[in-house]
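User: I am new to this structure and should be grateful for a close look at a single part. Please describe the sheet, together with what is packed and bound around it.

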Amino acid sequence: MNSVVRNITVDREVSSDREVSSQEFRGAMRVLAGGVSVITVGRGKDITGMTVTSVSSLSVDPPTLIVSVNRESSSWPLLQCYGVFGVNILSAEQLDVAERFSGKGGLKGADRFVGAQWVTRATGVPLLAGSLAAIDCDVEEVIERHSHAIVIGRVRDVITSVPHTALTYWDGQYVAIDQNEDNLKLAEVSVPSMRALREI
Ligand SMILES: Cc1cc2nc3c(=O)[nH]c(=O)nc-3n(C[C@H](O)[C@H](O)[C@H](O)COP(=O)(O)O)c2cc1C
């Protein structure tokens with residue numbers, strides 16, 4: 001099928017015979033570098049959370065974001081019950097928090113929060129002090145699809161700190177971005193790519 005979108009010709013070959021296996025798809029998604037966040041859910045002692053890379057901005061006006069949450073995770077029932085969640089965007093120094101909230105070491109619930117400082121804002125969900133950004137959200141809408149739920153969060157409050165490092169996940173491992181050490185490399189990749197964009 002041939003379709004023309006703003007002067008760019010796209011050749012679409014849709015084959016009904018080809019089934020993409022989950023393994024093949026997982027392999028493709030491994031190479032998508034993602035910022036690492038921790039989602040927090042619940043209130044008081046009835047809290048838990050999970051490490052995610054699926055956070056993405058939905059709209060800035062109004063401020064909303066999306067995250068996909070596995071419906072078998074321990075966070076899912078608390079997210080449904082309280083209707084609020086926090087998004088904590090991690091710095092490279094918070095790798096230990098990422099590991100605790102991914103279930104490494106077998107920690108569950110409130111035990112995942114031990115060793116870090118947490119604050120609360122309007123919704124009452126725990127927000128990580130010192131994260132690059134902590135975003136307090138009400139659940140606006142949930143779309144349950146396959147194994148996961150796409151959760152739309154309406155942003156109620158934001159706490160930011162000055163970023164020096166960021167934590168990303170790429171090709172099956174955590175990768176730190178350090179503003180001081182990686183600035184030259186980042187400048188090298190951003191300058192040619194900006195040029196390439198202008199040439200399109
Ligand atoms: C880097 C990384 C990114 C992840 N991203 C997601 C995600 O976007 N959505 C999700 O449901 N699980 C994601 N997970 C898996 C959850 O962190 C993990 O299943 C969960 O914390 C453990 O489940 P439990 O809370 O039921 O013990 C990710 C794990 C890692 C290590």
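Analyst: The account below takes the sheet strand by strand and then turns to the helix, the cores and the ligand.

The model is a predicted one. Its open sheet contains 7 strands, arranged in the order β5-β4-β8-β11-β12-β7-β6 with antiparallel pairing. The edges are occupied by β5 and by β6, which spans residues 56-60. Each of these two has a single partner strand, so one side of each lacks a neighbour in the sheet. On average, and ignoring direction, neighbouring strands of this sheet are turned by 30° against each other.

Several of the pairings can be followed in detail, beginning at the β6 edge. There, β6 and β7 make a hairpin, with 2 residues between them. The two strands run antiparallel and are joined by 4 bridges. Within this pairing, serine 59 has threonine 64 of β7 as its bridge partner. The next pairing in the sheet order is that of β7 with β12, which also run antiparallel and are joined by 7 bridges. Here isoleucine 66 stands opposite isoleucine 152 in β12. Elsewhere in the sheet, β8 pairs with β11 in the antiparallel sense over 6 bridges, and asparagine 88 faces alanine 134 in β11.

In a regular strand, side chains point alternately to the two faces of the sheet.

A helix also belongs to this picture. α2 lies across β4, β5, β7, β8, β11 and β12, and it runs at about 120° to β5.

The largest nonpolar core has 17 residues, of which Ile39, Leu65, Val67, Phe85 and Val151 touch the most other members. At least two residues of this core come from each of β4 (37-43), β5 (46-52), β7 (63-70), α2 (75-82), β8 (84-89), β11 (133-145) and β12 (148-160). The helix that lies across the sheet is thus listed with sheet strands as a supplier of this core. A second core, separate from the largest one, has 10 residues, including Val38, Ala98, Leu128 and Leu167.

The ligand remains to be placed. It is surrounded by 17 residues, the closest being Thr51, Ser54, Ser74, Phe101 and Arg112. Polar backbone atoms approach its oxygen atoms in two cases: one of threonine 51 is 2.7 Å from a ligand oxygen atom, and one of phenylalanine 101 is 2.7 Å from a ligand oxygen atom. A side chain takes part as well, since an N or O atom of lysine 108 is 2.8 Å from an oxygen atom of the ligand.

Conventions: Residues are numbered from 1 along each chain as its sequence is written. This is a predicted model: local features need pLDDT of at least 70, side-chain atom pairs count only at pLDDT 80 or more; totals for chains, interfaces and linings use all residues. Side-chain values use heavy atoms; hydrogens and water are left out. A nonpolar core is a set of buried Ala, Val, Leu, Ile, Met, Phe, Trp, Tyr and Cys residues joined through side-chain atoms within 4.5 Å. Buried means under 20% relative accessible area, exposed over 50%, partly exposed in between (1.4 Å probe, protein chains only). Two strands pair if DSSP finds at least two bridges between them. Axes are lines fitted to C-alpha atoms, for helices over the stretch in contact, and angles run from 0 to 180 degrees between N-to-C directions. Contact means heavy atoms within 4.5 Å. A residue is near a molecule or strand if one of its heavy atoms lies within 4 Å of it. A polar contact is a pair of N or O atoms within 3.5 Å; within protein, one must be able to donate a hydrogen and the other to accept it, and residues adjacent in sequence count only if both atoms are side-chain atoms.
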